[in-house]
Amino acid sequence: MAPIRGRGGFRSRGTARGSTRGAFRGSRGRGRGRPRGAFRTSRIADPDTEEANNASQVESEAESQIATADEESSEEEEGSAKTGYSYNTLLQSLTQSSEQDERQRKRRKLDHNISHVEEQEAVLLRDAEEEIAEALAAPPGADEIAASSQDEEPESSDDREDDEDETADLYLTHFGSLEVESTAKRVQAVEQHRWQSQRQVLGDIGRLVVNVPDGDSGAALKPPVKMLRHLSLKQRLAEVALGRTSSLDRLQQVLAPYMFGYQDILFGGRTTQNGSGLRDLACLHALNHVYKGRDRVLKNNTRLAKAEDDEDIELRDQGFTRPKVLFLLGTRHACAQTVDSLMSLCEPEQQENKKRFLDEFVYTETKFSDDRPDDFRELFEGNADDDFRLGLKFTRKTVKYFARFYASDMIIASPLGLRRIIEHTDPKKADSDFLSSIELVVVDQADAMLMQLWDHVDFVLQHLNLQPKDAHGCDFSRVRHWYLDGQAKFMRQTIVLSAFVTPELNKLYNASMLNIAGKVKYTPTYEGAITSIGLPVKQTFSRFDATSPAAEPDARFKYFNTAILPTIVRTPKPAEGGQGILIFVPSYYDFVRLRNHFANSTATQNLSFGSISEYTSRSDVRRARSHFFTGRHAVLLYSGRAHHFNRFRIRGVRKAFLYGLPDNPKFYEELVEMMGMSIQEGKVGSEEASVRSLFSKFDGLKLERVVGSERVGAMMKGGVGDTFDFV
């Protein structure tokens with residue numbers, strides 16, 4: 001099997017921020033020379049003899065400035081400490097538990113307990129053998145033996161009060177009250193893609209599209225929920241949440257009824273300002289779901305214990321395995337923020353393994369200065385390792401970190417971390433059964449995962465709610481019918497929070513969000529990135545024709561070679577410095593194609609160029625930026641992911657060509673601001689600086705974020721010209 005490819009081999013966007021930003025994994029032994037037949041990554045223009053000394057001096061100063069500006073990141077975190085358990089400790093604890101009651105009047109019960117202890121002893125010793133063999137060097141894996149602890153406390157009076165009005169309980173409405181026949185009809189409608197759609201314009205903040213299965217008699221659009229007390233929350237959660245804040249902001253008011261009503265949500269307006277509030281709302285919903293499900297099981301356990309021997313009671317309240325909630329996050333820092341939100345809401349009296357969690361997931365030092373963009377610092381400020389997994393087990397007073405997956409209520413992991421478990425190199429350790437009973441999935445910062453490797457996300461979602469290969473101690477008499485019928489994916493709620501909507505997310509919305517309760521998509525109204533630029537720079541957008549998405553890359557390449565490249569080649573070299581032409585390429589595949597064309601085409605043989613991608617080493621990045629600033633490189637090719645992971649501020653830019661529009665509209669603003677640096681330094685006049693972008697009819701989502709929602713419609717239509725200028 002071919003290795004899973006990310007930014008460098010299996011690991012996608014790498015371990016800690018220090019290694020990923022510093023080493024640029026993927027530069028495979030690059031030396032000073034190049035093998036015969038290999039593609040060039042740059043071509044340096046030889047300076048004139050008279051200018052050699054001055055250029056070398058300026059270049060040395062520029063490279064020194066660039067080296068100083070690029071702060072070195074912190075080193076990759078140390079591996080977690082290895083711990084182990086002793087056989088003697090286990091045997092001693094089991095012996096003590098078996099000798100607690102020696103009274104003869106309970107001899108029958110004692111004999112039963114001893115038999116039960118002997119059974120537990122075999123299981124625990126087998127667990128210990130695995131734990132000692134693995135030395136606990138890694139986070140809990142899915143290959144561990146299934147175990148579901150029964151140490152829950154009896155149901156409290158507060159919880160009984162919560163369930164007095166079960167008719168208004170949205171949890172029971174979705175998971176417990178639907179008739180088998182009603183569920184089957186909705187599932188059939190979803191399988192046949194028969195949806196009823198309703199749209200709602202939310203003033204100046206965005207648009208809402210709600211889809212429900214055809215034939216559903218319920219109202220698709222829901223009124224906003226203005227107060228937390230109007231939500232169906234467990235009492236102990238409501239008290240804590242109301243203590244923090246009693247009201248919701250406007251976006252939360254709109255999303256809350258759909259989120260707590262167990263409908264799928266694709267939210268395309270996440271920002272650094274509303275991100276924490278949305279995360280808190282999702283964590284509140286996840287905890288509420290876990291608590292309601294657990295208390296339902298405990299209540300039914302009590303009913304079964306009180307039932308007569310000849311009384312036939314059927315209680316369907318469980319899945320195949322214990323984990324019910326899955327958080328998919330991009331970095332360990334995002335995991336730490338999510339855990340902080342969960343702990344602030346549930347307020348446990350005890351947190352087991354908390355120190356280990358802090359050591360492995362939390363960075364306290366500041367890594368970046370305030371001049372970096374807010375979204376960049378939010379994503380990369382802490383521990384940016386994207387290979388992790390964490391199991392959380394909730395009891396009434398305790399939360400246990402690093403619980404085994406089959407004993408966990410929540411799993412918080414990165415897509416890469418889960419894929420390494422599902423596709424373990426050892427077939428005996430490869431496992432995905434712990435995902436068979438997931439009822440709630442939260443994907444936060446999905447836009448960042450698009451820059452890692454979206455295939456990991458698709459892979460994990462495809463392994464949700466499959467029939468398990470082993471029983472894992474399941475009591476099938478308590479398993480809900482729709483689990484047994486293989487319909488769990490139609491009951492699962494999926495919540496995706498992203499800064500913007502892309503074709504990949506739209507595909508997920510159409511193909512993976514199959515909830516019979518319905519689904520909701522939110523997209524904001526965009527003013528346009530061009531309105532945020534305070535420079536009098538000419539901005540040109542050129543449309544080219546493409547017959548299909550599959551033919552679009554070739555059509556783009558052909559248009560660039562016929563309409564753009566001749567203009568670049570004819571650009572005269574100024575008296576001081578170089579041409580300063582920056583070519584931004586969002587896709588790495590297009591970047592490689594364009595770089596090879598510059599290296600081997602006769603049309604560009606007299607054009608010096610450099611290149612910076614996410615795989616370029618730090619030393620080569622500094623050299624390319626220095627050559628570009630001093631004029632030894634007339635053209636600099638710059639990939640989209642290199643900018644995402646580093647946010648370089650490249651000096652010497654006089655003209656910018658966007659081979660394709662970026663998904664993130666902030667990238668467009670930052671590229672134009674690079675020309676502003678040249679204008680401020682007097683390297684170029686504002687009338688000479690310009691930016692030109694290419695787009696096709698398949699780039700409508702990207703174009704809307706750059707030019708604005710009001711302008712995109714006219715620009716996408718044919719017959720009104722293919723070139724649009726803005727100043």
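## Strands 12 and 18

In this predicted model, Gln539 has Phe726 of strand 18 as its bridge partner. Strand 12, which covers residues 538-543, runs antiparallel to strand 18, and four bridges join the two.

## The sheet of seven strands

Strands 12 and 18 belong to an open sheet of seven strands, whose order is 14-15-13-16-17-12-18 and whose pairing is mixed. At the edges stand strand 14 (609-612) and strand 18 (723-726), and because each has a single partner strand, one side of each is left without a neighbour in the sheet. From one strand to the next, the twist averages 15°.

Helices also lie against this sheet. Helix 21, made of residues 618-630, lies across strand 13 (581-585), strand 14 and strand 15 (635-639), and runs at about 140° to strand 14. Helix 25, made of residues 709-716, packs on the sheet as well, where it touches strand 12, strand 17 (690-695) and strand 18, and its direction makes about 150° with that of strand 18.

## Helix 24 against helix 25

Two packed helices are described by the angle between their axes and the distance between the axes. For helix 24 (residues 700-707) and helix 25, the angle is about 135° and the axes are 7 Å apart. Angles over 145 degrees would count as roughly antiparallel and those from 65 to 115 as roughly perpendicular, so helix 24 and helix 25 are oblique to each other. Their crossing is right-handed.

On the side of helix 24, the contact is made by Gly700, Leu703, Glu704 and Val707, while helix 25 contributes Ser709, Arg711, Val712, Met715 and Met716. Sorted by class, the residues in this contact are five nonpolar, two polar and two charged.

## The sheet of 11 strands

Another open sheet has 11 strands in the order 1-2-11-3-10-9-4-8-6-7-5, again with mixed pairing. Its edge strands are strand 1 (195-201) and strand 5 (350-352), each of which pairs on one side only. Here the twist averages 15° from one strand to the next.

Within this sheet, strand 3 (residues 264-267) and strand 10 (residues 493-497) run parallel and are joined by three bridges. Phe267 stands opposite Leu497, which lies in strand 10. Helix 9, made of residues 250-259, packs on the sheet and touches strand 1, strand 2 (207-213), strand 3, strand 10 and strand 11 (519-523), with a direction that makes about 155° with that of strand 3.

Technical notes:
Residues are numbered from 1 along each chain as its sequence is written. This is a predicted model: local features need pLDDT of at least 70, side-chain atom pairs count only at pLDDT 80 or more; totals for chains, interfaces and linings use all residues. Side-chain values use heavy atoms; hydrogens and water are left out. Two strands pair if DSSP finds at least two bridges between them. Axes are lines fitted to C-alpha atoms, for helices over the stretch in contact, and angles run from 0 to 180 degrees between N-to-C directions. Contact means heavy atoms within 4.5 Å. Angles under 35 degrees count as roughly parallel, over 145 as roughly antiparallel, 65 to 115 as roughly perpendicular and the rest as oblique. A crossing is left-handed if the near helix is turned anticlockwise from the far one by less than a right angle, and right-handed if clockwise. Ala, Val, Leu, Ile, Met, Phe, Trp, Tyr, Cys and Pro count as nonpolar, Asp, Glu, Lys and Arg as charged, and the others, Gly among them, as polar.
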